[in-house]
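Colleague: I am new to this model and would like a close look at one part of it. Please start from a single residue and then show me what surrounds it and how other parts of the chain compare.

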Amino acid sequence: MRPSGRIQTSIELLTEVMDSSLPMDRVVNSYLRARRFIGSKDRKDISARVYGVIRSKCRLDWWTIKSGLGDGCRSLVLSYATLVEGLKASELDEICDGGDYSPRALSEFENEALATLQGQELNHPDMPAAVQGELPDWLYVLFEKQFGIEGAKAEAAGLQKQASLDLRANVLKGERDQAIDLLGKDNVEGAATAFSPWGIRVQGRTALGNCKAFRDGLVDVQDEGSQLIALLCDVEPGQSVLDLCAGAGGKSLALGALLQNDGELVAMDIDPRRLQRAEPRVEKAGIENIRYATLNKDNLKKMSAKGFDRVLVDAPCSGSGTWRRQPDARLRITSDKFANYKDMQTKVLEQGASCVKVGGRLIYATCSVLDEENTDQIDSFLAKHPNYQRVPVSKIWEAQGMDPCAFIDEAMKVSPAQHGLDGFFCVVLERQS
């Protein structure tokens, strides 16, 4: 594919991403699958450009307004090619030749605007802090309130970086070292993660479908921070475990491996279609003691009457801690949606608490770095439920034989900027009566 074809395809793909309500990775994968004729190098170039545009959209918008280039996906791709990829206006003029599979020719106005961007850096000292942080103004205010002026800059910058590809070794089928060796036979370089005892960090990108370890269920994709939430659930064989907001089953898989097919695991979600997507992964992982239930009034009443040793509430949230790997999500968040998430968190905490037996534990987790979705929710819950007490996660951590670390204390608070993992929060509460 010629450079002109790559640029035009980038514009078309970005347009689909911006117009779709689906997560960006699904849109990109679907678009490229439907165009098998696009070579692997071209796919990599196009994907990198489109993701790069989304990661820098606030700053690109600032530049397109300043230069007069105008808005739209074409302007975003052309400004990215100039500011980030270093193409000159004259080079883009040649690329945009108006031919088949090429962008339409640059107008005189576009040529002049791109010339003003030539040689500029993506960041500019005149940019507002929220623009440099790639966050809406209202959200950046929350970052500054929580982290301070310099801390907010660091946290926002951390969320702009690319995330690693992490796998979890499935202890039902083998050990981590065994998984690393098997991955190596398929030319996938993996190394033990720093914190999770099951984690494997993959170097570079790879087609996991070609790996025997993945096909056989010895490994599954899961960020290291997410794996640590399963660790802090402190699950043992024979216990009863409820994953209240199971989604597609990522944490259910980890909890099932810890149960060793001895005990009971219930995966619940308000959307039964998500649970259906979990079933093939569960089967491949060798988990036999799981059952699925839609989260509704009747099923919740049944779970409450039974009572569980462990109830994991992986609450719906802004997902701010995962914006490294889901950069489009930050573009979709609004203050109204954020408020709605907080209402849902309050509700599912109450639902989860109703299902914990005396002496059992309620584990509250989010993939958010914001206190309003994390510590503030727990403080409000405990004020209404004096029969629950915090269990310092540092005690659970150390009892698992783990070395002390910076993000483990009363709660687990993981920051991409500070710890290089996706952002997660986790707190453990024990029911006393």
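Is Ser252 buried or exposed, and what is its relative accessible area?

Modeller: This is a predicted model, in which local features need pLDDT of at least 70 and side-chain atom pairs count only at pLDDT 80 or more, while totals for chains, interfaces and linings use all residues. Residues are numbered from 1 along each chain as its sequence is written, and side-chain values use heavy atoms, with hydrogens and water left out.

Ser252 is buried, with a relative accessible area of 1%. Buried here means under 20% relative accessible area, exposed means over 50%, and partly exposed is in between, with a 1.4 Å probe and protein chains only. Ser252 belongs to helix H13. Helices are DSSP runs of H or I with at least four residues, strands are runs of E with at least two, and both are numbered from the N terminus. Apart from neighbours within four places in sequence, Ser252 has contacts with Asp243, Ala246, Leu265, Ala267, Ile287 and Ile290; a contact means heavy atoms within 4.5 Å. Phe308 is 56 residues from Ser252 along the chain, and their C-alpha atoms are separated by 15 Å.

Helix H13 (250-259) is also among the elements that give two or more residues to the largest nonpolar core. Such a core is a set of buried Ala, Val, Leu, Ile, Met, Phe, Trp, Tyr and Cys residues joined through side-chain atoms within 4.5 Å. The largest one has 41 residues, and those with the most contacts inside it are Leu232, Leu255, Trp397, Phe407, Ile408 and Met412. Other elements that give it two or more residues include helix H12 (224-232), helix H14 (272-285), helix H19 (393-399) and strand S9 (356-366). Phe407 touches Phe195, Leu228, Trp397, Met412, Lys413, Val414, His419 and Leu421, leaving aside neighbours within four places in sequence. A second, separate core has 38 residues, including Val28, Leu32, Ile38 and Leu117. In soluble globular proteins, nonpolar side chains tend to be buried together.

Another serine to set beside Ser252 is Ser20, in the loop between helix H1 (3-19) and helix H2 (24-33). Ser20 is buried, with a relative accessible area of 17%. A polar atom of the side chain of Ser20 lies 3.0 Å from the backbone nitrogen of Leu22. Not counting residues up to four places away in sequence, Ser20 touches Val27 and Arg332.

Cys211 is a buried loop residue, with a relative accessible area of 1%. The loop that holds Cys211 runs between strand S3 (199-202) and helix H11 (212-215). Contacts of Cys211, not counting residues up to four places away, are with Leu183, Asp186 and Val188.

A whole helix can be looked at in the same terms. In helix H5 (residues 73-83), eleven of the eleven residues are buried, so H5 is largely enclosed by the rest of the structure. What covers these buried residues includes H1, H3, H4, helix H6 (89-95) and helix H7 (108-117).

H3 packs against H5 at an angle of about 100°, with the axes 10 Å apart. Axes are lines fitted to C-alpha atoms, for helices over the stretch in contact, and angles run from 0 to 180 degrees between N-to-C directions. H3 and H5 are therefore roughly perpendicular to each other; under 35 degrees counts as roughly parallel, over 145 as roughly antiparallel, 65 to 115 as roughly perpendicular and the rest as oblique. In this contact, Ala48, Arg49, Gly52 and Val53 of H3 meet Leu76, Val77 and Tyr80 of H5. By class, the residues are five nonpolar, one polar and one charged. Ala, Val, Leu, Ile, Met, Phe, Trp, Tyr, Cys and Pro count as nonpolar, Asp, Glu, Lys and Arg as charged, and the others, Gly among them, as polar.

Helix H3 (residues 40-55) also packs with helix H4 (residues 57-67), at an angle of about 80° and with the axes 5 Å apart. That makes H3 roughly perpendicular to H4. Val53, Ile54 and Arg55 of H3 and Lys57, Arg59 and Leu60 of H4 make the contact. These residues divide into three nonpolar, no polar and three charged.

Key: Polar contact = N/O pair within 3.5 Å; in protein donor to acceptor, adjacent residues only side chain to side chain.
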